Each structure stands twice: as structure tokens, then as C-alpha cells.
Amino acid sequence: MKKLLAALAMAALCATAAAWPDKSVTIVVPFPPGGSTDTIARAMAQKMGDTLGQSFVVDNRPGATGTIGATAVKRAPADGYTLLFASLGPYVITPHLMKSAPYDAAADFDYISVPVQAPNVLVASSAQQARTVTEVVAALKAQPGKLSFASSGNGSSDHLSAEMFWQQSGTSGTHVPYKGGAPAINDLLGGQVDFSFQNVNAVLPHIRAGKLRAIAVTGDKRSPVLPDVPTLAEAGVQGAEVYSWQGLAAPRGLPADVKAKLGQAAVDAIRDPAIAKRFTDQGLEIVGSTPAEFTAFQARENARWKALIQSRKITID
């Protein structure tokens with residue numbers, strides 16, 4: 001009897017996977033509408049829906065640095081109808097900042113694809129005289145802990161980029177967290193703060209307009225949209241490479257056929273010529289990783305950020 005029930009259950013699972021999707025799919029974005037993650041998710045949702053013949057609907061569930069939305073997805077059925085599209089924070093950073101995270105990022109999700117990544121760029125307000133990494137390091141050493149670095153919040157990639165930079169350059173500054181990237185950039189433009197490591201796409205218009213000064217990028221190569229701006233490594237600070245990235249995931253236990261369909265649809269969406277051009281023009285880099293590649297990448301990123309957070313004693317408060 002047990003064998004019969006198991007066989008029936010397996011048959012039902014295979015039938016479900018073969019039919020997927022036969023209704024709309026929800027993509028939970030754990031941040032407010034209008035940001036980079038939300039914008040990318042909506043572009044991909046439209047294309048994936050066209051490819052798979054069902055609507056993919058973005059559901060914004062912001063709060064608690066992304067953990068509210070991530071937890072909701074963790075608790076959803078692993079049937080391919082509820083997905084998570086988030087930046088690296090909920091996947092590899094926030095769980096290490098909380099005393100008791102509501103999910104285990106390594107165990108509770110099936111990883112589908114990283115569609116895009118982008119380096120951060122060290123930018124200075126127009127009031128700052130430093131124009132090179134060498135000059136920034138000299139200013140920090142002359143005034144330990146005095147110069148301010150804005151970020152979009154504790155534990156954000158721009159915050160951790162600053163922490164990594166200070167660690168690798170033997171300097172220190174003052175971290176000034178904001179509730180989002182927009183207010184951090186506004187105060188940087190107004191000269192209320194000195195520096196920031198911002199996503200390239202978020203500050204590219206201000207750099208091109210001459211309102212912010214680009215000093216270095218955090219990637220392992222120069223950004224195509226900022227070809228004259230060196231990497232930190234080129235400028236003498238080694239081991240501070242940081243990429244901001246977005247990833248698509250699902251509750252753990254996704255049927256293999258559904259995972260394969262999702263993964264292929266996600267890669268096809270981000271490599272669509274119109275979508276790819278739209279985002280590369282903004283400074284994003286197309287990745288389009290497979291589920292296996294994303295799973296391995298998440299494990300590496302998770303270990304790296306855990307080590308930095310613990311060594312720098314960073315908290316979410």
C-alpha cells in the first residue's frame with residue numbers, strides 16, 4: 001500500500017511538473033517598487049510570461065531588509081508558482097546580521113539564476129578634493145574615522161564595500177546609513193556626506209553630469225560605461241572586489257522539470273537583445289547563470305560575507 005501511495009504521489013508530481021505553468025506565477029520582490037531589483041524583476045517577468053504562456057506577476061513585499069518577502073517565499077509550496085527575486089542582501093548578507101534569521105538561505109531555497117551583476121563605484125561629492133584612490137587613502141589616514149561614507153543601509157552592498165575598502169587599505173571612516181539609496185545619493189550630491197560606494201547604474205547619470213566624481217570601481221575589470229575609471233586593484237587596493245547582483249530563487253524542493261524550465265526562461269529573458277541592451281546601457285553586466293552555477297555562487301558569496309561581517313563586527317542595528 002505504501003509503495004502504491006508513493007507511486008501515485010510521484011506520478012502526480014511528474015504531471016504537475018509537465019503541466020507547469022498552468023496558472024499565473026508570483027515573483028516576490030522584497031523591496032519597494034521603483035528600485036533596481038524591482039525594475040529588473042518586472043522586465044524579466046514580462047519576457048518569461050511571454051515565453052511560458054502564463055502571466056508572471058511581481059508582488060512587492062518590503063520590510064526588515066528583505067527578510068519579510070524572503071520568509072514568505074520560504075513558506076510557500078515548492079510548486080513553481082511563488083518565486084523570490086532579490087538582491088544579494090537576503091541571500092548572503094542579512095542572515096548573518098540577525099541574531100535569529102527567519103530562514104536558512106542555504107537550505108530553504110532552490111537557486112535558479114543570477115541574471116545581472118554590477119560593480120559598485122567609489123564616488124566623491126563635489127566638495128571633496130580627492131580625485132584618486134591614493135588621495136582618498138591619504139585623506140582617511142590623515143583623519144582616521146572622520147570622513148563619512150553614505151550607504152543605503154546597514155549591511156547593504158555599498159556599506160560592505162566601504163568596510164572591505166577600509167579593511168584592505170588599513171584605513172577607517174564613518175559609516176552613515178540611510179533608508180535606501182536615493183536619500184544617500186541626495187545627501188552626497190548636497191555635500192552632507194563625503195563618499196559612497198554606490199551601484200554604478202544608480203549614480204551613472206550624476207557622474208556623467210559632473211555632479212559626482214567617480215574614483216574607482218569595485219569590479220575585477222573596468223566597467224564598460226566608465227572605461228576611464230580604474231578598478232580598486234589597479235589603484236593599489238587589492239582584495240576589495242565587490243559586485244552587487246540580483247537572483248531568482250524558489251522554495252526548496254522544486255520539481256526538476258520546473259527548475260529546468262524556469263532556469264531556461266530566466267536566461268532567455270535576460271539575454272533578449274532589447275532587455276540586455278537596456279540594462280547594459282545602465283552599467284549592469286549580463287550573467288544569466290544556470291541553477292547549478294547560482295547554487296555554487298551563493299555558497300561562495302555566503303562564506304565571504306559571513307567572514308567579513310564577523311571580522312568587522314557589523315550588526316543590523
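These exercises, each with a worked solution, concern a predicted model of a protein.

**Exercise 1. Overall form**

Task: Find how the radius of gyration of the protein compares with the value for a compact globule of 317 residues.

Solution:
- Step 1. Start with the inventory: the protein has eleven helices and ten strands.
- Step 2. For 317 residues, a compact globule would have a radius of gyration near 20 Å.
- Step 3. The protein has 21 Å, so the value agrees with that of a compact globule.
- Step 4. Add the box: along the principal axes, the C-alpha atoms fill roughly 75 × 40 × 30 Å.
- Step 5. Look at burial and surface. Of the 317 residues, 52% count as buried. The accessible surface comes to about 13,700 Å², and 54% of it belongs to carbon and sulfur atoms.
- Step 6. Look at contacts along the chain. Among contacts with a separation of 6 or more, 78% are between residues 24 or more positions apart.

**Exercise 2. Helix H2**

Task: Compare the span of helix H2 with the span expected at 1.5 Å a residue, then list its buried residues.

Solution:
- Step 1. Helix H2 covers residues 36–52, which is 17 residues.
- Step 2. From first C-alpha to last, H2 reaches 24 Å, close to the 24 Å expected.
- Step 3. The buried residues in H2 are Thr37, Asp38, Ile40, Ala41, Ala43, Met44, Ala45, Met48 and Gly49.
- Step 4. An α-helix has 3.6 residues a turn, so residues three or four places apart point the same way. Use this rule when inspecting the list in the structure.
- Step 5. Just after H2, Gly53 takes a positive phi of about 80°.

**Exercise 3. Gln246 and helix H2**

Task: Decide whether Gln246 is buried or exposed, and find the side chain with which its own side chain makes a polar contact.

Solution:
- Step 1. Locate the residue: Gln246 lies in strand S9, residues 243–251.
- Step 2. The relative accessibility of Gln246 is 5%, so this residue counts as buried; the cut-off is under 20%.
- Step 3. The side chain of Gln246 is joined to that of Thr37 by a polar contact of 3.2 Å. Thr37 is one of the buried residues of H2.
- Step 4. Beyond its sequence neighbours within four places, Gln246 is in contact with residues including Ser36, Ile40, Phe85, Ser113 and Val116.

**Exercise 4. Asp194 and its neighbour Phe195**

Task: Describe the surroundings of Asp194, then those of Phe195.

Solution:
- Step 1. Asp194 is found in the loop between helix H7 (181–189) and strand S7 (195–199).
- Step 2. Asp194 has a relative accessible area of 15% and is therefore buried.
- Step 3. Its side chain makes a polar contact of 2.9 Å with the side chain of Gln128.
- Step 4. Ser148 is 46 residues from Asp194 in sequence, yet their C-alpha atoms are 5.2 Å apart. Ser148 is also among the contacts of Asp194, as are Val123, Lys146 and Leu188.
- Step 5. Phe195 touches residues including Gln128, Leu147, Ser148 and Leu188.
- Step 6. Phe195 is also one of the residues that touch the most other members of the largest nonpolar core, a set of 77 residues. Strand S4 (residues 109–125) gives the most to this core, with eight residues.
- Step 7. A second, separate core has 18 residues, including Val121, Val193, Val200 and Leu226.

**Exercise 5. Arg61**

Task: Classify Arg61 by accessibility and find its polar partner.

Solution:
- Step 1. Arg61 lies in the loop between strand S2 (56–60) and helix H3 (67–74).
- Step 2. Its relative accessibility is 34%, so Arg61 counts as partly exposed.
- Step 3. A polar contact of 2.8 Å joins the side chains of Arg61 and Asp59.
- Step 4. Contacts of Arg61 farther than four places along the sequence include Val28, Pro30, Phe31 and Ile68.

**Exercise 6. Backbone exceptions**

Task: Examine the phi of Thr65 and Lys313, and the peptide bond that joins Trp20 and Pro21.

Solution:
- Step 1. Most residues other than glycine have a negative phi, and most peptide bonds are trans.
- Step 2. Thr65 is not a glycine but has a positive phi of about 50°. Thr65 lies in the loop between S2 and H3 and is partly exposed, at 37%.
- Step 3. Lys313, also not a glycine, has a positive phi of about 55°. Lys313 is in the segment after helix H11 (291–312) and counts as exposed, at 70%.
- Step 4. The peptide bond between Trp20 and Pro21 is cis, with omega about -10°. Pro21 is in the loop between helix H1 (2–19) and strand S1 (25–29).

Notes: Residues numbered from 1 in each chain as written. Heavy atoms only, no water. Helix = DSSP H or I, 4+ residues; strand = E, 2+ residues; numbered from the N terminus. Buried < 20%, exposed > 50% of the residue type's maximum accessible area, 1.4 Å probe, protein only. Contact = heavy atoms within 4.5 Å. Polar contact = N/O pair within 3.5 Å; in protein donor to acceptor, adjacent residues only side chain to side chain. Core = buried A, V, L, I, M, F, W, Y, C linked by side-chain atoms within 4.5 Å. Rg over C-alpha atoms; globule rule 2.2 N^0.38 Å. Areas by Shrake-Rupley, 256 points an atom, 1.4 Å probe, with all protein chains shown as cover. Expected span 1.5 Å × (residues − 1).
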